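Hi everyone, thanks for coming along this morning. Let me put the chain up on the screen, and then we can walk through it together.

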Amino acid sequence: ISVFYSYLSCFAQQTLKVEYNQIFNTDFPLMRTALLQVNPTSSVYVDIIATRRDLINEENAKTSYLDKLKVPEEVKSSNHFVINIGGNFDNYFFYDSKLDKLSYTDELGKKQFYISDDYKLNWQITTETKTIANYKTYKAITKFRGRTWEAWFAPDLAYQYGPWKLHGLPGLILEAYD
């Protein structure tokens, strides 16, 4: 699974939205869109299942879903986010940095569940750098549930969040690979 930064937008006070393209390099490669919205104390990442498409048809890869926002009741009542997509089975990942808690939605059969996950990511930050979207990023590596993850984070974007379940670096993760 690879996650690439594709869109970055600041709005309101200290809130940021990032659009990612997720590339699944499997027997049938495909790409999906995902959105991350962050503020200083929490984040929500939405894996937009409805955007699944074969990589062969890359013309649709830039489709933006920022105008179709909608969130589960747990998040609506918290007043932390304004991010909603609309698919019944989109996967949502909520991270609260004050509580150091990750919760997410997932489906089993035709039912969707709300799950809490407790884990720590032990990142090794390297001196290797590269530029992504005009930001200087640094490479970090961690092992998580049997996979080695490489992430590129931007210290100039002082948010400790990233795509999926990745977080805990001293800057926003703009690109990640396993």
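The chain exposes about 9700 Å², and carbon and sulfur atoms supply 49% of that area. Those accessible areas come from the Shrake-Rupley method with a 1.4 Å probe, and for residues only the protein chains shown count as cover. A word on the source: this is a predicted model, where local features need pLDDT of at least 70 and side-chain atom pairs count only at pLDDT 80 or more, while totals for chains, interfaces and linings use all residues. Residues are numbered from 1 along each chain as its sequence is written, and side-chain values use heavy atoms, with hydrogens and water left out.

Now, the fold. We have one helix and eleven strands, in the order β-β-β-β-α-β-β-β-β-β-β-β along the sequence. Helices (H or I, at least four residues) and strands (E, at least two) are DSSP runs, numbered from the N terminus. Of the 178 residues, 47% are buried; buried means under 20% relative accessible area, exposed over 50%, and partly exposed in between, with a 1.4 Å probe and protein chains only. As for contacts, meaning heavy atoms within 4.5 Å, take those with a separation of 6 or more: 41% of them are between residues 24 or more positions apart.

Let's zoom in on W164, which sits in the loop between β10 (147–154) and β11 (172–177). Which residues does W164 touch, not counting those up to four places away in sequence? They are Y45, F93, F144 and W149. W164 is partly exposed, at 28% relative accessible area. Its C-alpha is 9.8 Å from that of Y95, with the two positions 69 residues apart in sequence terms.

On to the charges. Side chains of opposite charge can pair when their charged atoms come close. How many salt bridges does the structure hold? There are eight, counting a side-chain nitrogen of Lys or Arg within 4 Å of a carboxyl oxygen of Asp or Glu.

Start with K165 and D117, whose closest N and O atoms are 3.3 Å apart. K165 is in the loop between β10 and β11 and D117 is in strand β7 (residues 111–117), so this salt bridge ties together parts that are 48 residues apart in sequence. Both ends are buried: K165 has a relative accessible area of 8%, and D117 has 14%.

Next, K139 and E128 form a salt bridge at 3.5 Å, N to O. K139 belongs to strand β9 (residues 135–144) and E128 to strand β8 (residues 124–132), so the pair connects parts eleven residues apart in sequence. Here K139 is buried at 14%, whereas E128 is partly exposed at 41%.

Then there is K130 with E175, at 2.7 Å from N to O. This pair links distant parts of the chain, K130 in strand β8 and E175 in strand β11, 45 residues apart. K130 is partly exposed, at 29%, and E175 is buried, at 9%. Coming back to K165 and D117, salt bridges that share partners join them with R145 into one network.

One last stop: N91, in strand β5 (residues 91–96). Is N91 buried or exposed? N91 is buried, with a relative accessible area of 12%. Leaving aside neighbours within four places in sequence, N91 is in contact with Y45, V46, D47, I49, T105 and D106. You may remember Y45 from the W164 contacts.

Thanks, and do jump in with questions!
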